[in-house]
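Please look over the chain below before reading on. The report that follows goes from the whole protein to single residues.

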Amino acid sequence: MAIFSVYVVNKAGGLIYQLDSYAPRAEAEKTFSYPLDLLLKLHDERVLVAFGQRDGIRVGHAVLAINGMDVNGRYTADGKEVLEYLGNPANYPVSIRFGRPRLTSNEKLMLASMFHSLFAIGSQLSPEQGSSGIEMLETDTFKLHCYQTLTGMCELFDQNLKLALEVAEKAGTFGPGS
């Protein structure tokens with residue numbers, strides 16, 4: 001299948017390499033009349049759906065475009081604030097595209113270091129001496145593989161272990177002098 005992301009973390013928990021390989025995002029576009037039957041809230045400088053799941057639009061999806069114009073955070077491409085624009089009845093009917101927001105660089109750093117902490121806790125709390133810590137986390141939609149190297153740790157979010165191993169082998173060594 002596909003590899004979604006590769007994160008390489010050093011022994012201190014810092015992110016030193018990251019690669020995203022996203023499949024097309026699941027997006028939903030719908031034309032609305034006033035008043036909007038979804039509750040939108042500003043969260044982390046993004047306009048997100050807080051209430052009113054329907055027609056492929058889910059809680060947590062972000063507003064990606066309004067009337068075909070891309071939205072960057074809380075503003076449209078022409079500088080209008082999204083919540084103000086959608087609060088004005090004169091702007092309706094309006095077509096809004098929703099989808100999962102991409103992670104910011106800061107969120108990627110936070111997630112990588114958080115997983116490193118969980119890995120370290122797993123290694124420390126294991127009843128077996130010399131435990132390798134977390135090797136794989138599996139959910140119903142993805143698997144997270146963790147490979148420990150001499151210079152750091154490699155995390156792969158994928159759906160196929162063989163393909164993940166091939167990517168890790170092709171990536172080679174990481175860190176100073178590589």
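What follows covers the overall fold, one helix, the salt bridges and a strand residue.

This is a predicted model, in which local features need pLDDT of at least 70, side-chain atom pairs count only at pLDDT 80 or more, and totals for chains, interfaces and linings use all residues. Residues are numbered from 1 along each chain as its sequence is written, and side-chain values use heavy atoms, with hydrogens and water left out.

**Overall**

The protein has three helices and 12 strands. Both are DSSP runs numbered from the N terminus: helices (H or I) have at least four residues, strands (E) at least two. The chain counts 178 residues, and 30% of them are buried. Buried means under 20% relative accessible area, exposed means over 50%, and partly exposed lies in between (1.4 Å probe, protein chains only).

Contacts are heavy atoms within 4.5 Å. Of those between residues at least 6 apart in sequence, 55% join residues at least 24 apart. The accessible surface is about 10900 Å². Carbon and sulfur atoms hold 55% of that surface. These areas come from the Shrake-Rupley method with a 1.4 Å probe; for residues, only the protein chains shown count as cover.

**Helix H2**

Helix H2 covers residues 105-125. How far apart are the end C-alpha atoms of H2? They are 30 Å apart, which agrees with the 30 Å expected for 21 residues at 1.5 Å a residue. The expected span is 1.5 Å times one less than the number of residues.

The buried residues of H2 are Glu-107, Lys-108, Ala-112, Phe-115, His-116 and Phe-119. Met-110 also lies in H2. Met-110 counts as partly exposed because its relative accessibility is 44%. Met-110 belongs to a nonpolar surface patch of about 650 Å². The other members are Leu-103, Leu-111, Met-114, Leu-118, Ile-121 and Leu-125. Patch residues have over 30% relative accessible area and no salt bridge; like charges are joined within 9 Å, nonpolar side chains (Val, Leu, Ile, Met, Phe, Trp, Tyr) within 5 Å.

**Salt bridges**

Side chains of opposite charge can pair when their charged atoms come close. A salt bridge here is a side-chain nitrogen of Lys or Arg within 4 Å of a carboxyl oxygen of Asp or Glu. The structure holds nine. The table gives some of them.

| Pair | Closest N and O atoms |
|---|---|
| Arg-97 and Glu-27 | 3.2 Å |
| Asp-37 and Arg-54 | 3.0 Å |
| Glu-45 and Arg-74 | 3.6 Å |

Arg-97 forms a salt bridge with Glu-27. That pair links distant parts of the chain, from strand E9 (residues 94-99) to strand E3 (residues 27-32), 70 residues apart. Glu-27 is partly exposed, at 37% relative accessibility.

Asp-37 pairs with Arg-54 in a salt bridge. Asp-37 sits in the loop between E3 and strand E4 (39-43), and Arg-54 in the loop between strand E5 (46-51) and strand E6 (62-66), 17 residues apart. Asp-37 is partly exposed at 44%. Arg-54 is partly exposed at 26%.

Glu-45 meets Arg-74 in a salt bridge. Glu-45 lies in the loop between E4 and E5, and Arg-74 in the loop between strand E7 (69-72) and strand E8 (75-76), 29 residues apart. Glu-45 is partly exposed at 47%, and so is Arg-74 at 21%. Salt bridges that share partners also join Lys-30, Asp-37, Arg-54 and Asp-55 into one network.

**Strand E6**

Leu-64 is found in strand E6. Is Leu-64 buried or exposed? Leu-64 counts as buried, because its relative accessibility is 11%. The C-alpha atoms of Leu-64 and Ile-96 are separated by 7.6 Å. Along the chain, Leu-64 and Ile-96 are 32 residues apart.
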